[in-house]
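Please open the structure in your viewer and keep the selection tool at hand. This tour goes from stop to stop and says what to select at each one.

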Amino acid sequence: MINLYDVLEAADGQLFGEAASQLFTDFCFDSRRAEPGQLFVAIKTNAGDGHDYMEDAVAHGVTGLLCNRPPRFSTENVTVIVTRDVERALIRWATLVLDKFGTSVIAVTGSTGKTTTKEAIATVLSSKYNVYKSPGSYNGRFGLPVALGKLRSEHQLAVLEFGIDQFGEMAELVKAARPMVAVVTNIGHAHLDRFGTIESVVSEKRVLVENIPENGIVILNDDDPYVRKMRSHTSASVMTVSVDTTGNRLGADMIAYNIVEGRSRTGFDLRFGEQRFIGKWTPLLGAHQLYAVLNAALLGACFDIPVETSLRLLTETTAMPGRMRPFKGVNDTLLIDDSYSASLESTIAALDWLESTKDSNEGRVFAVLGDIGGLGSSALQGYRIVGEKVAGIVDGLVTKGELTNELERSAQENGLSRTDIDITFSARDAAAAIKDRMEPGDIVLVKGSQGSRMERVVKELLADPDEAINLPRYEAVFDQVWLERPNRPTWLQIDMDAVANNVRQLKKIIGEDVALMAVVKANAYGHGAIPVSTTALLNGAEYLGVASINEAMELREAGIDAPILILGYTPGWAANLAIRYDVAVTLYDVTLARDFDRAAREMNARVKAHIKVDTGMSRLGVMPDDVTPFFRALARLENIDVEGIFTHFSVADEDSKFTLKQISTFNRVVKPLQGGGFDFKYIHAANSAGAIQFPEARFTMVRAGIAMHGLEPGQEPMLGDEFIPALTWKTTIAQVKELPEDSYVGYGNTYQTDRKEKIAIIPVGYADGFRRSPQTFGEVLVHGQRVPIVGRVSMDQTMISVDTIEDIKIGDEVVIIGQQGRERITVEEVAERMGTVNYEVVSTILPRVPRVK
Ligand SMILES: *Cc1c(COP(=O)(O)O)cnc(C)c1O
């Protein structure tokens with residue numbers, strides 16, 4: 001319970017209007033998760049400003065608001081507390097209530113295992129004391145006070161996580177909560193991206209140990225060299241724990257040894273001073289989780305709880321969501337959900353468990369791995385280490401995401417066969433890749449960083465779908481939360497699950513018997529050639545189409561081995577590349593064909609070719625009347641294998657009469673060739689529009705590009721609702737200013753204000769593909785409203801007029817393409833404004849705009 005008067009005192013705050021409620025059930029900082037009776041705290045974080053969401057919070061039933069400026073909407077029935085600094089008010093409130101209730105704080109810090117350790121400690125101490133533990137994994141400068149929202153006066157002890165990701169944060173936490181006990185789990189590579197070096201992580205975390213008073217207790221991990229060294233930095237009593245996997249660790253106060261890692265429990269013997277406890281176990285999986293048990297049992301002993309009692313209590317614990325939590329997987333398998341987060345150390349620890357369990361396991365073992373987080377500049381090295389390790393353990397590996405390419409390569413270098421590795425880019429595909437292979441007795445470990453959302457993979461593999469509530473981040477709000485940020489304030493979000501869905505829809509339309517070529521030229525229309533190709537192939541495509549040899553090479557170098565056709569002109573001098581990279585070329589000219597034949601002969605190889613016929617578009621292709629002589633000439637070229645014949649439609653999206661004429665011309669050319677003994681494996685004509693609208697144009701394969709991305713192939717909509725646009729383009733406000741009347745805006749002074757006008761600058765320009773002329777994108781979305789672009793678009797920056805937007809400020813999200821609130825700007829709309837087609841809009845978004853999932 002949170003008392004209004006405590007908050008007022010801590011906040012040095014003022015009531016704005018009447019106090020409608022004086023007691024609140026808990027704090028809340030995310031309006032989407034607000035519940036009736038709570039006090040909403042308007043906090044500014046990297047992700048946004050809580051003040052923008054106060055109205056939403058009230059709509060969800062909160063009865064109090066803590067903010068630094070009063071809301072403009074009506075706040076009847078809501079208590080509004082205004083303070084200069086909301087964060088500081090929260091921290092001071094924490095100190096105030098801990099003092100008032102006389103609750104002693106036990107602080108748990110470390111790079112991994114904090115939540116599990118906190119839970120174990122609370123389990124043990126609750127046998128003797130009234131213990132408060134923070135729900136979930138709230139920690140940090142702002143999470144810690146929030147975590148105390150349900151503290152009551154009868155709580156004697158509070159077990160809290162002290163997680164940090166900024167310099168100076170630990171000092172603030174310590175000052176606020178004045179802990180009597182510190183438990184340090186380990187120091188690792190988590191947050192290296194924030195702290196730079198391990199040494200800085202160590203010195204930050206050490207602040208906790210340094211501040212434990214003389215009559216307090218510090219529990220350290222003796223196996224971690226960084227943590228062990230903290231012992232000389234405190235005047236409190238220090239106790240140590242050790243998990244002895246090698247049989248020669250002796251120095252610690254409490255040691256687990258004779259460790260047996262099993263499928264359902266971890267067995268161990270334990271030594272505490274002179275005492276021995278033999279044949280103990282915990283349901284927590286993995287030797288690394290034993291530290292939580294030891295920390296809890298040792299701390300229990302400090303509070304006079306017999307070790308035997310603590311160990312018994314700890315056999316009742318269950319794993320936290322996403323931390324080596326076992327589930328029954330489909331087809332009688334053991335599914336291990338370790339998807340909460342992934343640092344280098346925790347990934348290695350999970351694989352260690354898999355390795356030792358493997359020997360006693362009758363089935364096979366698999367790993368499904370997403371990205372590893374927080375590695376900073378040591379990312380490549382980290383992936384290599386994991387790749388090497390995983391190769392020696394698993395019978396199969398599934399990777400999900402861009403960064404895991406390095407992992408896959410190193411796993412392969414270390415002996416895992418390519419056929420045992422599946423590379424995927426969407427959760428569905430990752431799950432599908434492993435699902436078919438799961439047989440009774442197998443173990444499947446799923447792990448990845450928060451941002452890679454691997455719990456979505458776990459969800460697909462559960463034997464009982466109702467268990468999904470026990471996965472981390474299962475609530476819908478996480479679908480809108482930023483878990484990992486792009487490396488620039490202008491970025492594209494590409495939804496690979498949408499691409500997967502669209503490809504399946506296309507396949508459904510064309511049917512089993514017609515092959516699908518995924519056309520991925522121009523970096524898959526700006527969506528990313530490698531992830532789109534991979535995803536398309538996993539969802540029903542069997543061929544890839546590109547425009548030129550270098551695009552084909554890029555796919556091959558990424559390990560894609562599906563057949564590829566270059567749809568455009570490949571010059572004779574590139575024949576050797578086409579052969580070496582095993583790529584089919586388009587031929588339509590006798591001299592060109594001879595060049596290819598010669599190159600193939602010289603390399604003692606063969607060239608795969610598709611012959612292109614021009615049936616009316618007048619782009620590349622043999623004219624219908626020249627087809628017979630062309631094939632006669634081809635027959636003499638022994639090193640060319642003709643695999644297919646095709647044509648291309650010019651108006652499949654608008655003029656059915658002309659398209660039907662093209663189809664009939666194509667038939668007139670192909671039929672006699674077939675009659676004359678030419679056997680084409682692939683006969684193809686239709687693009688997305690043709691494939692959808694002209695069943696008779698599907699032949700044995702269709703070539704689809706635009707529809708895979710959920711974009712319309714023509715002016716008239718032809719994609720059903722089951723197609724989903726995959727691309728969203730976002731940027732952020734870089735500055736807001738009030739311009740006086742008669743001010744000029746942008747290069748060339750082409751815009752002049754005719755009144756006082758509020759202008760914002762967005763960090764996006766024509767060098768991103770945000771076009772300057774003759775027409776600009778016209779409008780963007782801010783706070784869910786359309787606002788116009790004013791003045792000229794520069795290379796990297798653009799001005800927008802934001803007079804209509806209240807409370808707009810630096811960092812606010814701007815949507816260029818996609819949905820914001822109830823408004824949506826479609827690619828089609830932008831294309832229309834610019835006088836072009838959606839194809840051009842998306843394929844000219846330039847590479848410097850980062851693509852994130
Ligand atoms: C680009 C292209 C396609 C794909 O067209 P969509 O309209 O994007 O489906 C098909 N065939 C050829 C020859 C192309 O150049």
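Start by selecting Leu516 and Val702: Val702, in strand β33, is the bridge partner of Leu516. Keep in mind throughout that this is a predicted model.

**Strands β26 and β33**

Widen the selection to residues 515–519, which make up strand β26; four bridges join this strand to β33, and the two run parallel. Now show the side chains of β33, residues 701–704. Are its two faces covered or open? Both are covered, with Met701 and Arg703 buried on one side and Val702 and Ala704 buried on the other.

**The nine-stranded sheet**

Next, go to β11 and β12. Select Val131 together with Leu157, its bridge partner in β12. Strand β12 covers residues 157–161, and three bridges join it to β11 in a parallel arrangement.

These two strands belong to an open sheet of nine, ordered β11-β12-β10-β13-β14-β15-β16-β17-β18, with mixed pairing. Colour β11 (131–133) and β18 (275–282) to mark the edges of the sheet, since each of these strands pairs on one side only. Look along the sheet as well: on average, neighbouring strands are turned by 20 degrees against each other, direction ignored.

**Gly140 and its contacts**

Select residues 140–147 to bring up helix α5, and pick out Gly140 within this helix. Why does Gly140 count as buried? Its relative accessible area is 4%, and the cut-off for buried is under 20%.

Which residues touch Gly140, apart from its neighbours within four places in sequence? They are Pro145, Glu161, Gly163, Glu169 and Leu173. For a distance check, add Gln493: Gly140 and Gln493 are 353 residues apart in sequence, and their C-alpha atoms are 28 Å apart in space.

**Helices α3 and α6**

Now select residues 86–101 for helix α3 and residues 169–177 for helix α6. The two pack at an angle of about 35 degrees, and their axes are 7 Å apart. Show side chains where they meet: α3 brings Ile91, Ala94, Thr95 and Leu98, while α6 brings Glu172, Lys175, Ala176 and Ala177. Sorted by class, this contact has five nonpolar residues, one polar residue and two charged residues.

**The six-stranded sheet**

Move on to another open sheet, this one of six strands in the order β19-β20-β24-β21-β22-β23, again with mixed pairing. Which strands stand at its edges? They are β19 (325–329) and β23 (421–424); each has a single partner strand, so one side of each is left without a neighbour in the sheet. Neighbouring strands here are turned by 20 degrees against each other on average, with direction ignored.

Zoom in on β19 and β20 (residues 333–338), an antiparallel pair held over five bridges. Pro326 has Ile336, in β20, as its bridge partner.

Then add helix α12, residues 344–358, which packs on the sheet and touches β20, β21 (365–369) and β24 (443–447). The direction of α12 makes about 175 degrees with that of β24. Add helix α15, residues 427–435, too: it lies across β21, β22 (396–400), β23 and β24, and runs at about 175 degrees to β22.

**Aromatic rings**

The last stop concerns ring side chains. A search of the whole structure gives twelve aromatic pairs. One of them is Tyr543 with Tyr682, an edge-to-face pair with 5.1 Å between centres and 90 degrees between planes. Tyr543 sits in strand β27 (residues 543–546) and Tyr682 in strand β32 (residues 682–684), so this pair links parts of the chain 139 residues apart. Both Tyr543 and Tyr682 are buried.

Select Trp729 and Phe777 next: they too form an edge-to-face pair, at 5.7 Å centre to centre and 85 degrees between the planes. Trp729 is in strand β34 (residues 727–732), and Phe777 is in the loop between β38 (757–762) and β39 (779–782), 48 residues away in the chain. Trp729 counts as buried because its relative accessibility is 0%, and Phe777 is buried at 1%.

For a cluster linked by ring pairs, show Phe630, Phe631, Phe678 and Phe680. Finish with two arginines placed over rings. Arg265 lies over the face of Trp281, 3.7 Å from the ring centre, and Arg323 lies over the face of Tyr340, 3.5 Å from the ring centre.

How values were computed. Residues are numbered from 1 along each chain as its sequence is written. This is a predicted model: local features need pLDDT of at least 70, side-chain atom pairs count only at pLDDT 80 or more; totals for chains, interfaces and linings use all residues. Side-chain values use heavy atoms; hydrogens and water are left out. Rings of Phe, Tyr and Trp (its six-membered ring) pair if their centres lie within 6.5 Å; planes under 30 degrees apart count as stacked, over 60 as edge-to-face and the rest as tilted. Buried means under 20% relative accessible area, exposed over 50%, partly exposed in between (1.4 Å probe, protein chains only). A charge sits over a ring if NZ of Lys or CZ of Arg is within 6 Å of the ring centre and within 35 degrees of the ring normal. Two strands pair if DSSP finds at least two bridges between them. Axes are lines fitted to C-alpha atoms, for helices over the stretch in contact, and angles run from 0 to 180 degrees between N-to-C directions. Contact means heavy atoms within 4.5 Å. Ala, Val, Leu, Ile, Met, Phe, Trp, Tyr, Cys and Pro count as nonpolar, Asp, Glu, Lys and Arg as charged, and the others, Gly among them, as polar.
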